[in-house]
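Here is a walk through one protein chain, written for someone who has not seen it before. Take a look at the sequence and the fold, then read on.

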Amino acid sequence: MVSSRHNTSLSKKRNLLFLQKDPTRDIAFDVLRACLNHRYPLTDSLLRAVNNHQADPRDRAAAHRLAATTLRYFGTLRTVIEPFLHKEPPESVQIALIMGCTQLLYLDTPPHAAVNTIVSLLHRYHFSPFAGLANAVLRKIATAGRSLLKNLDQPRLNIPPWLWRSWSMIGTDVPRAIATTLCHEAPLDITLRPNLLNTILLDTMLESGGMLLPNGSLRFSADTVVTQLPNYAEGAFWVQDVAASLPASLLSVQKGENVTDLCAAPGGKTAQLALTGANVTAIENNPARIAQLQDTIKRLQIAVNLIQADATTWNPDVLQDAILIDAPCSATGIARRHPDVLWTKRQSDITTLTLTQDRLIAAAKNMIRPGGRMIYTVCSLQKEEGPDRAKAAESMGFIPDPFTREELVFLPDALTPEGWLRTHPGLWQERGGMDGFFAARFIRKN
Ligand SMILES: C[S@@+](CC[C@H](N)C(=O)[O-])C[C@H]1O[C@@H](n2cnc3c(N)ncnc32)[C@H](O)[C@@H]1O
């Protein structure tokens, strides 16, 4: 009798323990289910989950790390777990198991914590019938440890086959080079206001751990808190991957020119254009992203004519000297910053995106003066969104204006035989790589 009462109170205590909140794991679980089951972007899902759980910044950072690491190694983790499952549990349970595996194999979480947190999570989310399975599987994985990763071709497993195949078209070694860099968090790159590049601020930045890249960008380690870098609030610089800084600079904008940035938010390229002294108009159709663009303009104190409009139908009052189209795209070139892209995008998304990309190119033609310049760019590694769209621009009457060796002297490997720019995370690998961008320049016929 005494012993049975004792047991009941023990099990009550255990149940209470299971129901205790664990915001880090709960947010990561919500985010991963949103990405993997519903193909929602990681950034949006994280924002929603953090609000739902009223999490503090520390939980948010830890949840982001857990979710992003899981997505980076998702292919490998799936392979590791498979032999331990005789029957496939529901998808959400598999995601919880994979999260546990991430903690054990990549995040150095102590084994008991890695196992217990997942068992508790399954109870909290009403998957109690699978708690025993999770306990058994994760204990076995904890015992075997990293030896389970031996003999696995992790880079290959971490990239979905359709993406691997498509990246081979850039070069046979390219998918592996990209996959290798995707395993690491991307560094933090910033662009300094041009007049500050040769001043005392540059020395301060270098003293703060920055590395000067050959194009003038500064690179910091991935864990750098950007707001804590010198003169952030004063607008001395903005966050921009080195590859992202190239298209706008290759438009060679001059002071006094009329220039339009057709897809502008959050505004890194708008800032580059505005700081040349050109009259810059920035078009953006997404209200939430307009707010980000306004923040950029305010912090950097740059003069920009900001217009909320659909760039496929908008028309300027005067024909423009130059147009930048940084088109919405699949974003496969920035997967190392947004690893969800690997698992949320499908080939069919690319086809849909190319329709918008073509509409933007066609619309730009009516905005440029004869002889004016246009750069089309995307942060995608997909042929359909890059080279195929450059050919589409030609068929719409734009004349190609190839980039030259001199313009890309610091990055000759990014210049294609056609005179296009093609960067990918495998370039400057020894310095930490770069995002994948495609860019092509054109002149409007007279
Ligand atoms: C690749 S992002 C631009 C990044 C930006 N150029 C930068 O460097 O910070 C593409 C942007 O285009 C916007 N966009 C998409 N379709 C648009 C349209 N039809 N008209 C205007 N903006 C559009 C998206 O909301 C998104 O903010």
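The report below goes from domains to ligand shell, sheets, and a few single residues.

This is a predicted model, where local features need pLDDT of at least 70, side-chain atom pairs count only at pLDDT 80 or more, and totals for chains, interfaces and linings use all residues. Residues are numbered from 1 along each chain as its sequence is written.

**Two domains and where they touch**

Let's start with the big divisions. The domain assignment of the protein chain gives domain 1 (2-152) and domain 2 (242-444); such bounds come from an automatic or database domain assignment. The C-alpha centres of domain 1 and domain 2 are 39 Å apart. In their contact, domain 1 takes part with 9 residues and domain 2 with 6 residues. Contact here means that the C-beta atoms of two residues, placed from the backbone, lie within 7 Å.

On the side of domain 1 that touches domain 2, helix 2 (23-38) and helix 4 (57-72) each supply at least two residues. Helices (H or I, at least four residues) and strands (E, at least two) are DSSP runs, numbered from the N terminus. Helix 4 gives the largest share of that side, 3 residues. By class, that side of domain 1 has 7 nonpolar, no polar and 2 charged residues. In this scheme Ala, Val, Leu, Ile, Met, Phe, Trp, Tyr, Cys and Pro count as nonpolar, Asp, Glu, Lys and Arg as charged, and the others, Gly among them, as polar.

Does helix 4 come out shorter or longer than expected, or what does its span say? The 16 residues of helix 4 should span 22 Å at 1.5 Å a residue, and its end C-alpha atoms are 22 Å apart, which agrees. The expected span is 1.5 Å times one less than the number of residues. Among the buried residues of helix 4 are Asp59, Ala63, Leu66 and Arg72. A residue is buried if 20 or more other C-beta atoms lie within 10 Å of its own, exposed if 12 or fewer, and partly exposed in between, with C-beta atoms placed from the backbone.

**Around the ligand**

Which residues are closest to the ligand? They are Cys263, Asn285, Asn286, Ala311 and Asp326, out of 17 residues that surround the ligand. A residue counts as near a molecule or strand if its C-beta atom, placed from the backbone, lies within 6 Å of it. Helix 14 (268-274) and strand 6 (279-284) are the elements that give two or more residues to this shell. The shell divides into 7 nonpolar, 5 polar and 5 charged residues.

**Strands**

Strand 6 is worth a second look. 5 of its 6 residues are buried, so strand 6 is largely enclosed by the rest of the structure. Strand 5 (residues 258-261) runs parallel to strand 6, and 4 bridges join them. Two strands pair if DSSP finds at least two bridges between them. Across this pairing, Thr260 stands opposite Thr281, and Val259 stands opposite Val280. In strand 5, Asn258 and Thr260 point one way, Val259 and Asp261 the other way, and all are buried.

Elsewhere, 4 strands form an open sheet in the order 2-3-1-4, with antiparallel pairing. Its edge strands, strand 2 (211-212) and strand 4 (237-239), each pair on one side only. Inside that order, strand 1 (residues 188-192) and strand 3 (residues 218-220) are antiparallel and joined by 3 bridges. Leu188 has Phe220 of strand 3 opposite.

**Backbone oddities**

Most residues other than glycine have a negative phi, and most peptide bonds are trans. Here are some exceptions.

| Site | Backbone value | Place |
|---|---|---|
| Arg39 | phi near 60° | loop between helix 2 and helix 3 (42-53) |
| Trp428 | phi about 50° | loop between strand 11 (421-422) and strand 12 (438-444) |
| Ala265 and Pro266 | omega about 5°, cis | Pro266 in the loop between strand 5 and helix 14 |

Arg39 counts as partly exposed because it has 13 C-beta neighbours inside 10 Å, while Trp428 counts as buried, with 20.

**One buried leucine**

Leu163 is found in helix 10 (residues 161-168). Leu163 is buried, with 22 other C-beta atoms within 10 Å. Leaving aside residues up to four places away in sequence, Leu163 touches Thr332 and Leu342.
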